[in-house]
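Hello,

Here is the structure I promised to pass on to you. Have a look at it first, and then read on for what turned up.

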Amino acid sequence: MNQSTVEKLALEREIEELQARYSNANPRSRVHLSTARQVLPGGNTRAALHYDPFPVFIESAEGARVIDVDGHSYMDFANDLTAGFYGHSHPVILAGIRSALDNGISFGGPHRYEEALAKAICSRFSSIERVRFGNSGTEANLMAIGLARAVTGRPLVLAFHGGYHGSFANYLGAEMPLNVDKPRLRFARFNDEEDVRRVLEKDGAQTAAIIIEPMMGSGGGILADPTFLANLRVIADECGALLIFDEVQTARFSPGGLQDLVKVRTDLTTLGKSLGGGLTFGALGGRADLMDRLDPSLPGAIGHGGTFNNNVLTMIAGQVGLTKVATAEALHGANARGDTLRQSLLAAARARGPVLSIGAYGSILSLHFQPKAPRNPAEIATTPVQRKLFQLDMLLRGFYVQRRGTINLSLATTDEDCTAFTEAFGGFLDRYSAFLPS
Ligand SMILES: Cc1ncc(COP(=O)(O)O)c(C=O)c1O
């Protein structure tokens, strides 16, 4: 047997052993999956929550912890894939929701809470003069794209390879059958101005918008270069297209989102996840002259409905969360905590040998077992097996993490939680360094 076969067999044995430990530790979750399978495809209704051999089923959550059906209490470092940024069941948000419950939760008419949330958003994001609500980030992005097409009268939209704008606008990899609108999309490489110019040289006059996550979330926690984003603004203006930032994940980085940190003024911005205070939420905001095309009192208004767009509970949870929980101080504190954790994890890896790079920004950290952080998804070299070792081992150590290796802090995460995470990560490295690149 040659060296690589020996290594492969050793890795297989290690995975088998880890998987057996994980299965033995989680008997109730295992059973839950098989019963859920009878009524849900694969026991699942949100693909991102699936991982093999089976996910732990969650029973409850509070503050910075989630508890699974087998009684394990985890420190939560996934935080609902960034949507749980305010921490679980924040008392101030719960009080807001409770105060609403006896007053009716679905009015079927306009009300003051939607204006209050809209005001909170418009006062924080300098490019947002008007806002319209929906039920998810996906909806917000589809609305943004549709509005851009309607106001420019152009059919095409430029997006980026590896981008994720929702379940029907998923450009992560292989062709997604559920994606809408495939023939009218064009793609360029993330962080590559020349590639954007190449695409637009041909199609610029027909392009309604450039849509981008200023930090790729699902695509690997990859931050866009500030210069690249600034150049997109220039390029969009040159060809008469609108610039849309999908800030569904990145709005948390400062009160005015990532766009405020890089000082790029967008035409339209999409929001979602934590900004709904933990309830179902999405929003599109932007320039008044564009957004006012949705004003139903105007002739030729663009129609946009949605039964739950102004759901009372969401509007209240969102407004309370934004004004009372996600203060500028809290956001900056979370970013600083994330930066400290970043340094500690890098030091833990350096001390033990495996290579580690950490992408993303502030309170979101994206771990890659490779020497340099990727600048676009094609540069990700960490393998699915390495991701599996990391996730299952960290779960067994009591830390709730995603398979994709992204760590999302919440406002409930403490310095002590981060220290404990670093120690556990050291334990993971001690055990599995032989299977990670050095
Ligand atoms: C950047 C980004 N945009 C859009 C979405 C879609 O949001 P939702 O899942 O609420 O439809 C997501 C969700 O992961 C996201 O990360």
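A good place to begin is strand β11, residues 268–272: five of its five residues are buried, so the strand is largely enclosed by the rest of the structure. Do keep in mind that this is a predicted model.

Both faces of β11 are covered. Leu268, Thr270 and Gly272 point one way, Thr269 and Leu271 point the other way, and all are buried. This fits a general pattern: in a regular strand the side chains alternate between the two faces of the sheet.

β11 also has strands to pair with. With β10 (residues 242–246) the pairing is parallel and runs over three bridges, and Thr269 of β11 is the bridge partner of Phe245. To get from β10 to β11 the chain passes through helix α8 (residues 257–262), a β-α-β crossover that is right-handed. With β12 (residues 282–286) the pairing is antiparallel, over five bridges, and here Thr270 stands opposite Leu284.

The other element to look at is helix α3, residues 91–101. Its residues Ile93, Gly96, Ile97 and Ala100 are buried. They span an arc of only 95 degrees around the axis, which means that they sit on the same side of α3. The spacing helps to explain this: an α-helix has 3.6 residues a turn, so residues three or four places apart point the same way. Helix α10 (312–325) is included in what covers the buried residues of α3. On the face turned away from that buried side you will find the exposed residues Pro91, Arg98 and Ser99.

Enjoy exploring!

How values were computed
Residues numbered from 1 in each chain as written. Predicted model: local features only at pLDDT ≥ 70, side-chain atom pairs only at ≥ 80, totals over all residues. Heavy atoms only, no water. Buried < 20%, exposed > 50% of the residue type's maximum accessible area, 1.4 Å probe, protein only. Helix = DSSP H or I, 4+ residues; strand = E, 2+ residues; numbered from the N terminus. Arc of directions from axis to C-beta. Contact = heavy atoms within 4.5 Å. Pairing = 2+ DSSP bridges. Right-handed = clockwise from strand over helix to strand, strands pointing away.
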